[in-house]
Amino acid sequence: MTELLSRADECPDPDPAVVTPPARPVLDVVMPVYNEEDDLEASVRRLHRHLVDTVPYPARITVADNASTDATLAIAQRLAAELPGVRAVHLDLKGRGRALNEVWRDDDAEVVAYCDVGLSTDLNALMPLIAPLISGHSDIAIGTRLSHSSRVVRGAKREFISRSYNLILRTAMRARFSDAQCGFKAMRTDVARTLLPYVEDTGWFFDTELLVLAERVGLRIAEVPVDWIDDPDSSVDIVSTAVADLRGCVRVAWALATGRIPVGELRRTLGRDRLPGPAIDGVPYGMVGQLVRFCAVGVASTLAFALLFLLLRPLGAQAANFLALAITAVLNTAADRRFTFGVRGAEGRARHHLFGWGVFLFGWAVTAGSLFALHRWQPDASHAVELAVLVVSNLIATATRFVGLRWVFRRRVDVPVPAASSTTTERSVA
């Protein structure tokens, strides 16, 4: 008996007060809601069943109530008490973007996602959505209704507005993602914590602002074709939302153009300033695309120079040449800085334009010398001949200009070397 008691003392029963903490979720699906008392319970139960049956990771549902005035919060709290892996969060202020921003930034899951309460998107797309994030292949994943393999049921009005909006994003914002407003997205939480402090919108433009910023920073966005059925009971005001989105586009474009968003700093923080090696042997990285854009800027600049020269010709050939070159040099440097080499913000702007003026003086010396030689050889040369000589000499100066601009707009980056070596090498790219 004594022996049994001593063994019992050595192996005491577990303390019932000690509770094993739940596993940290790999995935947290946030459902932002406002006055959704009619649809919330059915949607949460359906999503919960899908996560239990199909997701092989610890997963959680977060119902993010943003200032509902009906029974939405009470229903969310009851579901959180009843269903394991469901929690309710309340925000005093309204706004889907605000709810996602606050919840995602404080989330402890590895991957955060969201879906609309209507569950218009087929949930079978959830695993393809989060797989590239968990594997580390991508930083953000979005569902797209505009892929050829997507199956979408919605009215012609919504279809037209959606495609028009995405066309505006592609032309005005140079966006490459196909569907900004599909309510089915996910991202790595570490990326969310870095980007979200710079996303200002608290409403429906939140998605677009986040994606535009992610692209400018150099993050990889995976797109997943989805099956989507329009929610006929949606309370979204299409017209007011479209107007707010257009205002948001203007605000974000201005913030990027003025450098208010520190794109360079974010690139360095996220490690996106380390570009891959050259795609073509012997050709510096990015040179092909830069050359194409440089030529486009050059053609426009040459046409502007020709027009200005002819307009200013009454002042004399040399004076007209100098003034036309000076005016186009400023515009040319600004265009090449932003469009050709993708440099934005105020950082280095004065140095870049100073170099541009140096290139202008070189170009002016070449063209003025050519014009001087022409007049010595043919004093009565026509304006057309003068212009032809200037255009040819400008092309010679332009080739030198491209090489010089690649140098001045270069970025120092680390290029990984084979694993057998512990050193890194540096090269200049633009």
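A salt bridge is counted here wherever a side-chain nitrogen of Lys or Arg lies within 4 Å of a carboxyl oxygen of Asp or Glu. Applied to this predicted model, the rule gives a count of 20 salt bridges. Several of these can be followed from one residue to the next, and strand β1 is a convenient place to begin.

Asp28 and Arg60 are joined through their side chains by a salt bridge, with an N to O distance of 3.0 Å. The two partners come from distant parts of the chain, 32 residues apart: Asp28 belongs to strand β1 (residues 27-33) and Arg60 to strand β2 (residues 59-66). Asp28 has a relative accessible area of 0% and is therefore buried. Arg60, at 13%, also counts as buried, because the cut-off for that class is under 20% relative accessible area.

Arg60 takes part in another salt bridge, this time with the side chain of Asp108, at 2.8 Å from N to O. Here too the contact links distant parts of the chain, since Asp108 sits in the loop between α4 (96-105) and β4 (111-115), 48 residues from Arg60 in strand β2. Asp108 has a relative accessibility of 35%, so this residue is classed as partly exposed. Asp28, Arg60 and Asp108 are members of a network of salt bridges that also takes in Arg87 and Asp107.

The surroundings of Asp28 are worth a closer look. In β1, seven of the seven residues are buried. Side chains in a regular strand alternate between the two faces of the sheet. On one side of β1 are Leu27, Val29, Met31 and Val33, while Asp28, Val30 and Pro32 are on the other; both faces are covered.

Strand pairing also ties β1 to the elements that carry or flank the partners of the network. β1 and β2 run parallel and are paired over seven bridges, with Leu27 having Ala59 of β2 as its bridge partner. Helix α2 (residues 40-54) completes a right-handed β-α-β unit with these two strands. β1 is also parallel to β4, to which four bridges join it; in this pairing, Val29 stands opposite Ala113.

A further salt bridge connects two helices. The side chains of Asp207 and Arg96 meet at an N to O distance of 2.1 Å. Asp207 lies in helix α8 (residues 206-217) and Arg96 in helix α4, so the pair links parts of the chain that are 111 residues apart. What is the burial state of Asp207 and Arg96? Both residues are buried.

For Asp207, this burial is shared by the rest of its helix: twelve of the twelve residues of α8 are buried. Charged residues in that group include Asp207, Glu209, Glu215 and Arg216, alongside others such as Phe206, Leu210, Leu211, Val212 and Leu213. The length of α8 agrees with expectation, because twelve residues at 1.5 Å a residue should span 16 Å and the end C-alpha atoms are 17 Å apart. After α8 comes Gly218, which has a positive phi, near 100°.

Notes
Residues numbered from 1 in each chain as written. Predicted model: local features only at pLDDT ≥ 70, side-chain atom pairs only at ≥ 80, totals over all residues. Heavy atoms only, no water. Buried < 20%, exposed > 50% of the residue type's maximum accessible area, 1.4 Å probe, protein only. Pairing = 2+ DSSP bridges. Right-handed = clockwise from strand over helix to strand, strands pointing away. Expected span 1.5 Å × (residues − 1).
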